[in-house]
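Biologist: I would like to learn how to read a protein model, beginning with its surface and then moving inward. Could you take me through it step by step?

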Amino acid sequence: MKFGRPTIFGLVLAILAPRIAFAIPAALDPLTVLEKNCVSCHNAKDHKGDVVLDRAPVAVETPKAIVEAISGAEPEMPKDRAPLSAAEVAALAAWVKDGAKIPAGRVLEDRHVPGLDWWSLKPIPTQQGMVPDPTLFNETEKGWVRNEIDAFILAKLKEKGLKPSPEAKPRVLARRLFFDLTGLPPSPERLAAFEKARAADPEGAYRALVEELLESPGYGEHWARHWLDVARYGETHGYDKDKPRPNAWPYRDYVIRSLNDDKPWGRFVREQIAGDTLYPGDPDGIVALGFIAAGPWDFIAHYEVGEGKLDGRIAKHMDRDDMVSAVFNAFMSTTAQCAQCHNHKFDPVTMEDYYRLHAVFGAVDRADRVYDLDPGAQQRRERLSVEIGKLEAALKALDKRVTDAGGAELAELRDRLRLLRDKGAGEVKKSPEHGFHSQIVNRPDAGKWVRIEFPEPVSIREVVVIGAHDDYAGIGGGFGFPVRYRVEVADDAAFSENVRVLADRTRSDQPNPGIVPLTFPAEGVTKARAVRFTATKLAERKNDYMLALAEMRVLDTDGKNRAAGATVTALDSIEQGARWGAKNLVDGRFPTGGDPEATRELAALRAKETTILDRLNTPEIVDERDSLNEKLAGARKELGGLPEGRMVYAAATHFKKFGNVAPTEGKSRTIHLLRRGDILAPGDEMKPGAPPMWEGSAAEFPLPEGASEGEARAALAKYLTDAKNPLAWRSIANRVWLWHFGRGIVDSPNDLGRMGMEPTHPELLDFLAAKLRDDPGQSLKSLHRLIVTSAAWRQSSAENAAASAVDAGNTLCWRANRRRLSAEELRDAVLSVSGKLGREMGGPSFQDFVIEKPEHSPHYEYELHDPDDPKAQRRSIYRMIVRSRTQPFLTTLDCADPSQMVAKRDETTTAPQALALMNNPFMTAMAGHFAARVKDAPSPTAAAFEIATGRAPRPEEAGALAEYGKRHGLANACRVILNLSEFAYVD
């Protein structure tokens, strides 16, 4: 309603007057009453009824209108909540009568927090006594009940005067079971064997098939797809620059492996939040953290902008929001993210609760992280990574001391250098022969050298070295020029006789000269047979290191370049066509260009910078730097000596800096409550915690002083799997039911709160939740077994007009729900019946596209992919999932959007689906293979029909298909069969 100026206010006060006289406790603050009951709707953001209470001053007319709305036997306000008590109404009425005064500077805030009285927040009872009383059923009904699930289903059906449907036919039931547990079709031979076994022992044969399929590797591959939908799993970042994540797949394999191993559900949850802390000796403890990192990531905002700028900080906030939302939506079916700007309006989650969850993830980033199968190696790797990080930080701090000591002189010189650098590198001209390039290594302290040898001694005046130019990784001029180096001459090529040093730049880091020639005079040198350039600290390329030079010139006393065409040898060299090669070092070709004046000034300023730094680097500083470098080299060498670790894209705190993403090394960012969710309006600093969703739980985790970020995540993991947590166990029980029946007991699987749907069978949901929670193995397979062996799951999907009139949506489970195969199931079924499905498990994902422009913003071109590519003929779970451009064929068939948390897939029926199934190159190619598989059968089309549908064709079907095959070819007949509804649907 829109409040206006009340006209019956006096009457309201008259009615309330007796209550005002005796019902207002002294401690009942009218402003607190407003904050707890009214501000959540009537605020500057929501503006309900044009009433704003959280903006001072508040007009008297507004409180008057509110008093009118909350009064009477059936008050209008508050909406969707219990009415205010008589004392609260009286307090507000007295306050209004007194002039509705608000102290100066007081701004009302939303303090409403919904209670724990909602069904999903009530404790889950034990299983004892939960199953409906058998005396409710007659003998026929008792005979239908196969396990506890059926008793719950039957009790609800009886309430509505409904009866369950008969059991499905054996072949229909077996095909349903294959797809439900493994996502793959059964072969005709397997179906025939099942029918034969069932004739001898109906229940034993059925249960044996259930066990066979639960133990099949296909079970984990199929059920992992359900979980990965919830985990918003993708293998590219999303957003504008949708770059690939080549190391995302180990998390996918972890999910498959965990489900096949029937890992206890509680451990599965805990590993995905804090496995590295709770299970430090298990590689799964790291790989599982792929869950936290699985969602989209803004490459530009994080990598290119960074936290030093506002947009980068906003991106980091939204990144944590994704983590918080994912954890609470997936494991708790709670929309905690609704409390970002205000207290949750419907569920007991305050803004403080929401930002406490941010504090849990305050130190976490998404990055490639090393994991090992050897626990000891993993622990040493973690220790060395931390040690290296500290040593690098100490070196940076030492360099800052030197820079600070240089004062204004050094600062101004470097400002001028920065201005000249771009000017001096402008309009660079370079030939296809770039220069010499060493082999690539993974650490900067791996020494490299290159030398020039003369056939006879040369009188040397000076040696000139010119840097290379390459745009790789945006480096440009000075590409590969070492940070520290030495120039020497000797009387023999082996450098064993009369070695003399022309320049030693190994004691401190040197500025990159770009393409400006560096000249090293040969003072005091008479003659030499060889010149050697040695790099002791290499330049970074992109997460690796190497030495590169465009040209070396050796000028004799007459000014002639004696290096031209001389022999060049090196420790190692990349010989890459015309571009890179040892001979390019003396070919007279090197990059030139830019402003000549700027180039000369740049060289002079760099020389001056070197002079200043030599003065500032006192012997004490040099010794300290050398000590740090020695320790750093030792740690890197030890790290390099460990078995090569594998990488997973996961939540991480220790990693090599990339772009503007720097590791926190476990130190949490300071997290503030943000007023109205505005990063520019920080409030109180928050400590790690979670919403107190059950009696006895605390909002803030009881962590010791100085607790690590891992301990905060471990506290959250234990919170999520606490036996008293009512939401966590109901959430997964409801999801499993949904994935079996196509509809959840609560059909809003990501929201069990007041804005979600209410359960159709609340007692059954609690029974399933308690069964999983109280099972010593917390086995999902036990839950599957219970469900698929129930009579309710085995029902026919046949329509019943009378039952539909009572329950058109089949919410009470009076029949089975016929369903279309999911996009992945359909693709896998096509590969399977065509005889092309590869069954190798795990490893890097296959790509069913061609990537164009991968170095900038990749273009994923599916139309360029060969549908007969054998690498892509694996199960769809192993497909590389792109966010920005999803697979067109699978998207048409309602594949999940990897950028969203998809709790329940859409199931649409559209014309493009029919066109895709008939004409997509994948379908036509597989129809050809299907035809080749059955061509030698007595009746090829009949054989193809039985392989695809699980039954032999009726005579009229067999005749029509055979005739079609004769007229249009066997491949086209097979294509028709692959388009049958009976192939694409499960009864």
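Biologist: How much area does the protein chain expose, and what share of it do carbon and sulfur atoms supply?

Modeller: Accessible areas come from the Shrake-Rupley method with a 1.4 Å probe, and for residues only the protein chains shown count as cover. Here the protein chain exposes about 42,800 Å², of which carbon and sulfur atoms supply 53%. This is a predicted model, where local features need pLDDT of at least 70 and side-chain atom pairs count only at pLDDT 80 or more, while totals for chains, interfaces and linings use all residues. Side-chain values use heavy atoms, with hydrogens and water left out, and residues are numbered from 1 along each chain as its sequence is written.

Biologist: What percentage of the 987 residues is buried?

Modeller: Buried means under 20% relative accessible area (1.4 Å probe, protein chains only), and buried residues make up 54% of the 987 in this chain.

Biologist: Which residues have the most contacts inside the largest nonpolar core?

Modeller: In soluble globular proteins, nonpolar side chains tend to be buried together. A nonpolar core is a set of buried Ala, Val, Leu, Ile, Met, Phe, Trp, Tyr and Cys residues joined through side-chain atoms within 4.5 Å. The largest one here has 128 residues, and those with the most contacts inside it are Trp 227, Phe 291, Leu 716, Tyr 719, Trp 737 and Leu 768. Its largest share, 10 residues, comes from helix 22 (residues 726-741), a helix being a DSSP run of H or I with at least four residues, numbered from the N terminus.

Biologist: What does Tyr 719 touch?

Modeller: Contact means heavy atoms within 4.5 Å. Not counting residues up to four places away in sequence, Tyr 719 touches several residues, including Phe 328, Met 332, Trp 694 and Phe 701.

Technical notes: Buried < 20%, exposed > 50% of the residue type's maximum accessible area, 1.4 Å probe, protein only. Helix = DSSP H or I, 4+ residues; strand = E, 2+ residues; numbered from the N terminus.
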